[in-house]
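Let's work through a few exercises on one protein, step by step. Have the sequence and the 3D view open, and try each task before reading its solution.

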Amino acid sequence: MAPAADAVPTAPTAAPFKRVIVNDKIRWRENLPFWAVHVAAVVGAIWVGWSWQAAAWLIGSYFLRMFAITGVYHRYFSHRAYKTSRPVQFVLGLIGVTAVQKGPLWWASHHRRHHKYSDTPEDIHSPKQRGFWWSHMFWILAERYKHADYSNIKDFTKYPEIRFIDKYEQWIVVAAAALVFAVGGATGLFWGFFVATVLCWHGTFTINSLTHVWGKARYATGDDSRNNVWLALITMGEGWHNNHHYYQRSARQGFYWWEIDMSFYILKTLSLFRIVWDVEGVPAHVRDAKISPQRERVAAARAAKAAAVAAVIPPPQ
Ligand SMILES: [Zn+2]
Ligand SMILES: [Zn+2]
């Protein structure tokens with residue numbers, strides 16, 4: 001007969017984290033434009049200098065495109081946290097492309113994979129597995145992630161116009177830069193395109209690097225996601241990343257009123273005009289359950305096992 005301790009059913013526990021080193025080839029030559037945009041931002045900003053016009057271009061371009069990443073690529077294309085019409089879906093996707101983070105299908109497909117394997121060896125950008133710089137930006141430059149496997153994003157690959165902007169994203173970016181130059185001249189191009197793009201990139205990248213390291217975890221999500229107010233401010237709400245990993249279908253990532261979430265406020269405003277609708281929030285009972293059911297199950301199983309072990313092993317005299 002098996003010992004009593006073995007008879008106790010145990011809850012599945014998370015596999016121990018193992019750091020894996022994979023020699024992912026970085027496409028250095030192919031990614032020269034990535035570095036060139038950084039150089040152009042610094043040199044161009046010094047060359048044209050600072051002005052109120054430059055500030056307006058920088059702030060307007062940064063926040064418009066940060067919203068297009070957080071409110072559109074992330075909350076819409078990756079998580080479908082609200083609904084909209086097909087024309088608006090196209091326009092929002094098009095604005096997202098101008099943030100120079102590749103197409104909506106590529107972005108959302110990789111992001112869905114991040115949630116599926118968060119902080120395990122299969123995670124495409126886990127700081128726990130691969131360190132800060134990999135999770136921050138080198139994964140994007142790797143050969144391995146140049147293409148995404150679109151089998152997990154069939155809900156959007158069915159739209160030919162979305163496939164089109166995803167495929168020709170580089171041309172759309174060039175057209176957007178040309179438009180900015182035509183309207184705003186050198187100040188518009190360097191501050192509104194190059195500097196704003198670099199800041200928007202690294203703001204977004206902090207969500208993959210720092211929000212899995214720096215901050216507080218309110219919920220037991222089984223990964224290293226954290227909530228961080230500073231990152232929430234620069235990324236228009238994405239810094240409430242532990243909340244988001246806990247309840248991904250919510251368009252609202254700041255779960256409480258004091259958790260500032262600019263993207264959610266914009267989505268709510270758009271919903272007033274019926275431009276978007278069914279903007280999902282987080283149910284109060286979900287939000288207030290600070291201990292996840294999975295963690296409760298694991299804790300209960302551990303307690304039962306400990307009790308069973310104690311029952312068959314007499315305590316030391
Ligand atoms: Zn997400
Ligand atoms: Zn994450």
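The exercises below go from the whole protein to single helices and residues.

This is a predicted model: local features need pLDDT of at least 70, side-chain atom pairs count only at pLDDT 80 or more, and totals for chains, interfaces and linings use all residues. Residues are numbered from 1 along each chain as its sequence is written, while chains are lettered from A and ligands numbered from 1 in the order in which they are written.

**Exercise 1. Describe the confidence and the overall make-up of the model.**

Step 1: Start with pLDDT, the predictor's confidence in each residue, from 0 to 100. The protein averages 88, and 84% of the residues score at least 70. Over residues 1-17, however, the pLDDT is below 50, and this stretch has 22 contacts in the model beyond near neighbours in sequence. Two residues are in contact if their C-beta atoms, placed from the backbone, lie within 7 Å.

Step 2: List the secondary structure. Helices (H or I, at least four residues) and strands (E, at least two) are DSSP runs, numbered from the N terminus. The protein has 15 helices and two strands.

Step 3: Look at burial. A residue is buried if 20 or more other C-beta atoms lie within 10 Å of its own, exposed if 12 or fewer, and partly exposed in between, with C-beta atoms placed from the backbone. Of the 317 residues, 40% are buried.

**Exercise 2. Compare the span of helix α2 with its expected span.**

Step 1: Helix α2 covers residues 32-48, which is 17 residues.

Step 2: The expected span is 1.5 Å times one less than the number of residues, which gives 24 Å for α2.

Step 3: From first C-alpha to last, α2 reaches 23 Å, close to that expected value. Glycine 49 follows α2 and has a positive phi, near 80°.

**Exercise 3. Follow helix α3 and its packing against helix α5.**

Step 1: Helix α3 (residues 52-78) bends by about 25° at valine 72. The bend is the angle between axes fitted to the seven residues ending there and the seven starting there.

Step 2: In α3, 19 of the 27 residues are buried, so the helix is mostly covered.

Step 3: α3 and α5 (residues 104-116) pack at an angle of about 65°, their axes 9 Å apart. Axes are lines fitted to C-alpha atoms, for helices over the stretch in contact, and angles run from 0 to 180 degrees between N-to-C directions.

Step 4: Tyr73, His74, Phe77 and Ser78 in α3 meet residues of α5, including Trp107 and His111.

**Exercise 4. Is each of these residues buried, partly exposed or exposed: tryptophan 134, alanine 148, arginine 80 and aspartate 278?**

Step 1: Tryptophan 134, in helix α7 (residues 132-141), is buried because it has 22 C-beta neighbours inside 10 Å.

Step 2: Alanine 148 sits in the loop between α7 and α8 (154-157). With 21 such neighbours inside 10 Å, alanine 148 is buried too. Leaving out residues up to four places away in sequence, alanine 148 touches Leu105, Trp106, Ser109 and His110.

Step 3: Arginine 80 belongs to the loop between α3 and β1 (83-84). Its count is 16 C-beta neighbours inside 10 Å, so arginine 80 is partly exposed. Although not a glycine, arginine 80 has a positive phi of about 50°.

Step 4: Aspartate 278 lies in the loop between β2 (276-277) and α14 (284-287). Aspartate 278 counts as exposed because it has 11 C-beta neighbours inside 10 Å.
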